[in-house]
Amino acid sequence: MSEQTYTLAQLAATIGAEVHGDAECTINGVASITRAKPGDICFLIDSHYRSYLSNTKASAVLLPKKFIADCPTNAWLSAFWHRSGARL
């Protein structure tokens, strides 16, 4: 079975999110912020996990705008970030 790959721009358009960083970054998996690897997206849903943001290996993070300055990788922002992952 082949792995499905999307660009960050494609995923962001699906949920109406704004991309910060490389919109052509390829995504082929979803993982937690602590287990993500290159090619994965992850979500920062709760400020409790903010301390893990600086060390994530994810290719992109879905997060609220207030945390964008702390994000070391590509990000996608959505006004409804806490519900956006379910739309994918």
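Visitor: In what order do the five strands form the open sheet?
Guide: The model shown here is predicted. Its open sheet is built from five strands, and their pairing is mixed. Read across the sheet, the order is β2-β7-β6-β5-β4.

Visitor: Which strands stand at the edges of the sheet?
Guide: A strand with a single partner has one side left without a neighbour in the sheet, so it stands at an edge. This applies to residues 18–20 and to residues 29–30. The edge strands are therefore β2 and β4.

Visitor: How many bridges join strand β6 to strand β7?
Guide: Strands of a sheet pair through backbone hydrogen bonds, either parallel or antiparallel. Strand β6 covers residues 60–63 and strand β7 covers residues 74–77, and the two run parallel. The number of bridges joining them is four.

Visitor: Which residue in β7 is the bridge partner of V61?
Guide: V61 belongs to strand β6, which spans residues 60–63. Its bridge partner in β7 is A75.

Visitor: What angle does the direction of helix α1 make with that of β7?
Guide: Helix α1, residues 8–15, packs on the sheet. The strands that helix α1 touches are β2, β5 (40–43), β6 and β7. With the direction of β7, the direction of helix α1 makes an angle of about 15°.

Visitor: What pattern does the chain follow along the sequence?
Guide: The chain has two helices and seven strands. Read along the sequence, their pattern is β-α-β-β-β-β-β-β-α.

Visitor: What percentage of the residues in the chain is buried?
Guide: A residue counts as buried when its relative accessible area is under 20%. The chain has 88 residues, and the buried share of them is 39%.

Definitions and conventions. Residues numbered from 1 in each chain as written. Predicted model: local features only at pLDDT ≥ 70, side-chain atom pairs only at ≥ 80, totals over all residues. Heavy atoms only, no water. Pairing = 2+ DSSP bridges. Contact = heavy atoms within 4.5 Å. Axes fitted to C-alpha atoms, helices over the stretch in contact; angles between N-to-C directions. Buried < 20%, exposed > 50% of the residue type's maximum accessible area, 1.4 Å probe, protein only.
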